[in-house]
Amino acid sequence: MRLPTFFLKSLPWGRCALALSALGALSGCQWMRMNDRQSVMAVDGPVARSQLDLFYVTCWVTLVIFIVVGSVLAYTTIKFRARTEADENAMPPEQGHGNPFIEVGLIGASVLALAIIAFPTFKAIGFTYDVPEAEKATALQVVATGYQWWFKFEYPQEQIQGAGNLTTGNELVIPAGRAVHVDLRSVDVMHSFWVPKLAGKVDMIPNRANLLWLKADHPGYFWGQCAEFCGESHAVMRFRVIALDAKDYADWVALQKQPAREVAVPAGAVPKAQFASLRDFQANEIGFPADDPLELSPLDAWRAKQFPERDEDPALIAQGKALFQAKTCIVCHTIRGIPAAVGVRGPDLTHVGARTTIAAGLLENNSEQLQRWIHNPSLVKPGNKMWVEGYLVNHIQLTSADEVALVAFLRSLK
Ligand code: CUA
């Protein structure tokens, strides 16, 4: 009896209670966040679902092992504990040298547990590796390329006269209900392509052809993330997947194939003074908080982005377009419609105004955040090439008026 009494007395009960309540609160939070935007527990597609099912199989098997081993341990601890002074001073019981029945039984049970996990694992590896035969003919082909620190998405099945593959940056638009085969490439270091609710994660490795496939069951807006450390801005290398129904997807492709939108400037128009504010940096998450009834759903926010902005200033846009060329932005960015803008080091900006995010999914695509980004990209994404190899090498200096005009131009590119 001495051991339990000593044990009970020596416990710091206050701290134990605190730790237990913290654990309870933590687990409560975790349960509430099961459907968070990058949760793998609330999925929307066959690939992520097969990975989730496999996770549950492993959980159940290990839970059974935990209960069996824990029960035996608890039973023996209580049943064979020292009850009296004599027990404590007694010699240890005679030691055995194994029991063939128990040993063979334990080996058999372990093999069985491994087999229960292994068979669904092999099945899931086969299923998630590539698009199923039956869906190969109709699958959408996408080439995703990792750059430090953004994603390029190309659609080889959608060719544009004189410009090759339809190309976008950081927002991958796909048709819902259709398999998507993604070729994974990298131009510099290792990255990893991960859309937790749809599929993942597979590395993008230089000089190596990797692939994955995914399918969204429903139209939706999905958060993606580079999942392999790739340098100082790895943590902010994000992207989005936007799944649309067949008609919306066809409309999007048709719009994307168009060259950059031209905004006609009425004769004699002069730019109106516009002031952007940089104070809203924190409030830049699309569709969050999700429980705000006045907030557009992320997919609706994306849809709204496809239309021209209401506060457009044609003269200011024309000024921004001239600056985009004069300030050498064209060296790194393509804008179909501006003949000299054929750079490929940065994202294709032909329709950048129609995206919900900029800076690889980090900032909301609005005037404030656009100006914040072009004002000093290195403050937003440390070490990025736009700053190091663009601004610094080419001595790019922008006045506030330049920034406002460039922002107006970029926002007009729908
Ligand atoms: Cu790219 Cu981490």
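Colleague: If a salt bridge is a side-chain nitrogen of Lys or Arg within 4 Å of a carboxyl oxygen of Asp or Glu, how far apart are N and O where aspartate 300 and arginine 303 meet?

Modeller: First, this is a predicted model, where local features need pLDDT of at least 70 and side-chain atom pairs 80 or more, while totals for chains, interfaces and linings use all residues. Residues are numbered from 1 along each chain as its sequence is written, and side-chain values use heavy atoms, leaving out hydrogens and water. Aspartate 300 and arginine 303 are three residues apart in helix H8 (helices, H or I of at least four residues, and strands, E of at least two, are DSSP runs numbered from the N terminus), so about one helical turn separates them. Their side chains form a salt bridge with an N to O distance of 3.4 Å.

Colleague: And what relative accessible area does aspartate 300 have?

Modeller: The scale goes like this: buried is under 20% relative accessible area, exposed is over 50%, and partly exposed is in between (1.4 Å probe, protein chains only). Its partner arginine 303 counts as partly exposed, at 28%. Aspartate 300 is partly exposed too, with a value of 35%.

Colleague: How many salt bridges does the structure hold?

Modeller: Let me give you one from the list: glutamate 262 pairs with lysine 321, with the closest N and O atoms 3.3 Å apart. The total for the structure is 17.

Colleague: How many residues apart in sequence are the parts that glutamate 262 and lysine 321 tie together?

Modeller: Glutamate 262 is exposed, with a relative accessible area of 59%, whereas lysine 321 is partly exposed at 25%. Glutamate 262 sits in the loop between helix H7 (246-257) and helix H8 (298-305), and lysine 321 sits in helix H9 (residues 314-326), so the separation along the sequence is 59 residues.

Colleague: Lysine 305 and glutamate 309 also meet in a salt bridge; which residues are linked with them in a network?

Modeller: Both ends of this pair are tucked away: lysine 305 is buried at 13%, and glutamate 309 counts as buried at 19%. Their N to O distance is 3.5 Å. Salt bridges link the pair into a network with Asp311, Arg411 and Lys414.

Colleague: On to the rings: what is the angle between the planes of phenylalanine 193 and phenylalanine 239?

Modeller: Rings of Phe, Tyr and Trp (its six-membered ring) pair if their centres lie within 6.5 Å; planes under 30 degrees apart are stacked, over 60 edge-to-face, and the rest tilted. The structure holds twelve such aromatic pairs. For phenylalanine 193 and phenylalanine 239, the ring centres are 4.8 Å apart, and the pair counts as tilted because the planes are at 35 degrees.

Colleague: In which strand does each of phenylalanine 193 and phenylalanine 239 lie?

Modeller: Phenylalanine 193 and phenylalanine 239 are both buried. Ring pairs also link them into a cluster with Phe151 and Phe153. The tilted pair ties together parts 46 residues apart in sequence, because phenylalanine 193 lies in strand S6 (residues 191-195) and phenylalanine 239 in strand S10 (residues 238-244).

Colleague: Now the backbone: which residue does a cis peptide bond join to glutamine 148?

Modeller: Most residues other than glycine have a negative phi, and most peptide bonds are trans. Another cis bond runs from glycine 200 to lysine 201, with omega near -10 degrees, and lysine 201 is in strand S7 (residues 199-204). The partner you want is in the loop between strand S1 (140-147) and strand S2 (150-160). With omega at about 0 degrees, glutamine 148 is joined to tryptophan 149.

Colleague: What is phi of asparagine 207 near?

Modeller: Asparagine 207 lies in the loop between S7 and S8. At 83% relative accessibility, asparagine 207 counts as exposed. Phi is positive here, in a residue other than glycine, and is near 60 degrees.

Colleague: And what is phi of histidine 395 near?

Modeller: Histidine 395 is in the loop between helix H12 (385-392) and helix H13 (400-412), and counts as exposed at 67%. Again phi is positive in a residue other than glycine, near 50 degrees.

Colleague: Last one: what distance separates the C-alpha atoms of asparagine 366 and glycine 353?

Modeller: Asparagine 366 is in the loop between strand S12 (363-364) and helix H10 (367-375), and is buried at 16%. Along the chain, asparagine 366 and glycine 353 are 13 residues apart, and their C-alpha atoms are separated by 8.8 Å.
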